[in-house]
Structure formats: structure tokens, C-alpha cells
Amino acid sequence: VQLQASGGGLVQTGGSLRLSCTASGSIFSISDMGWYRQSPENERELVASIAVGGTTNYVDSVKGRFSISRDNAKKTMYLQMNSLKPEDTAVYYCNAVIQDFRNSYYQHYWGQGTLVTVSS
């Protein structure tokens, strides 16, 4: 099982980016999915999460600016980031709780990270 994240880049303050994360491999079921971020100044934090039924949660600092969604058929999660601020600069990691065909339990998987840089 692999998670492939993409969509990061350099954007000016107030700009937008859309991150994608696609799961592949011998996947039986995907449960919760989420985006985390980490910068040199801060520990890794959960930015947004989405349950398989669509329930979402956001850290206070991104509420009203970021939107998380998922396409279960495509095994893909998205993070639409609007009104970006310099403090959003970080490496963004996707995470998914996945059951593969070999096991009867779920495990956490991580994507490789994608860098988002917001210039002031």
C-alpha cells in the first residue's frame, strides 16, 4: 500500500493550492484520512481530517480557508487551500487508515510529503 501526495508549490499570500493524495496497492478498505503539516519551527500537526462518511474536522487556524474532501471510488483525498498565509508554509503529509487484503486490521499509512511555501 502506498500514498502519493502531490500539488504543493510556491504561492503568494492570499493565493490557493490544491493538494491531492491517492492510495494504491492491495487495499481492502480505507477508513479515516487526513492531512498533517510540519515546519522547522513546529511539531507535526493535524490540519484536517475526513471520515469515510464525509465528516470533517479542521484545526482552528485553517477553518474557513481550507476544505478537505475525498473521492472513495478513486481512493483519493484532496485539500483545497485558499487565502494562504506565510504561516501555512510547511511540508504537508497525507495519512490514511487502511486495511489491506492480507490483514484483518487497519494500519496508518503516510505519504511522502509535499512542500507548500507561501511568500509574503
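A disulfide is a pair of cysteine sulfur atoms within 2.5 Å. This is a predicted model, where local features need pLDDT of at least 70, side-chain atom pairs count only at pLDDT 80 or more, and totals for chains, interfaces and linings use all residues. Residues are numbered from 1 along each chain as its sequence is written, and side-chain values use heavy atoms, with hydrogens and water left out.

**Exercise 1. The disulfide**

Task: find which cysteines form a disulfide, and state where they lie.

Solution.
- Step 1. Count. The rule gives one disulfide.
- Step 2. Name the partners. Cys21 and Cys94 are joined, with sulfur atoms 2.2 Å apart.
- Step 3. Place them. Cys21 is in strand 3 and Cys94 is in strand 9, so the link spans distant parts of the chain, 73 residues apart. Strands (E, at least two residues) and helices (H or I, at least four) are DSSP runs, numbered from the N terminus.
- Step 4. Find the hand. The torsion about the S-S bond of Cys21 and Cys94 is about 65°, so this disulfide is right-handed.
- Step 5. Check burial. Buried means under 20% relative accessible area, exposed over 50%, and partly exposed in between (1.4 Å probe, protein chains only). Cys21 is buried at 0%. Cys94 is buried, with a relative accessible area of 0%.

**Exercise 2. The four-stranded sheet**

Task: give the order of the four strands in the open sheet, and describe how they pair.

Solution.
- Step 1. Set the rule. Two strands pair if DSSP finds at least two bridges between them.
- Step 2. Read the order. The open sheet runs 1-3-8-7, with antiparallel pairing.
- Step 3. Find the edges. Strand 1 (2–6) and strand 7 each have a single partner strand, so one side of each lacks a neighbour in the sheet.
- Step 4. Add the twist. From one strand to the next, the twist averages 15°. Axes are lines fitted to C-alpha atoms, for helices over the stretch in contact, and angles run from 0 to 180 degrees between N-to-C directions.
- Step 5. Go pair by pair. Strand 1 and strand 3 are antiparallel and share five bridges. Here Gln4 faces Thr22 of strand 3. Strand 3 (residues 17–24) meets strand 8 over six bridges, again in the antiparallel sense. Leu17 stands opposite Met81 in strand 8. Strand 7 (residues 66–71) and strand 8 are antiparallel and joined by six bridges. Ile68 has Leu79 of strand 8 as its bridge partner.
- Step 6. Look at the turn. Four residues lie between the strands in the hairpin of strand 7 and strand 8, and Lys75 there takes a positive phi near 55°.

**Exercise 3. Strand 8 and the core**

Task: explain why strand 8 is largely enclosed, and name the residues with the most contacts inside the largest nonpolar core.

Solution.
- Step 1. Test strand 8. Five of its six residues (76–81) are buried, so strand 8 is largely enclosed by the rest of the structure.
- Step 2. Define the core. A nonpolar core is a set of buried Ala, Val, Leu, Ile, Met, Phe, Trp, Tyr and Cys residues joined through side-chain atoms within 4.5 Å.
- Step 3. Read the result. The largest core holds 29 residues, and those with the most contacts inside it are Trp35, Leu79, Met81 and Tyr92.
- Step 4. Trace the sources. Several strands supply at least two residues each, including strand 5 (45–50) and strand 11 (114–119). The largest share, five residues, comes from strand 9.

**Exercise 4. Rings and charges**

Task: describe the aromatic pair of Phe28 and Phe101, then find which ring lies under the charged end of Arg18.

Solution.
- Step 1. Set the rule. Rings of Phe, Tyr and Trp (its six-membered ring) pair if their centres lie within 6.5 Å; planes under 30 degrees apart count as stacked, over 60 as edge-to-face and the rest as tilted.
- Step 2. Search. The whole structure has two aromatic pairs.
- Step 3. Classify one. Phe28 and Phe101 are edge-to-face, at 5.6 Å centre to centre and 75° between the planes.
- Step 4. Place that pair. Phe28 is in strand 4 (residues 27–38) and Phe101 is in the loop between strand 9 (90–100) and strand 10 (107–110), so the pair ties together parts that are 73 residues apart in sequence. Both Phe28 and Phe101 are exposed.
- Step 5. Turn to charges. A charge sits over a ring if NZ of Lys or CZ of Arg is within 6 Å of the ring centre and within 35 degrees of the ring normal. The charged end of Arg18 is over the ring of Tyr78, 4.0 Å from its centre. Arg44 lies over the face of Trp110, 4.7 Å from the ring centre.
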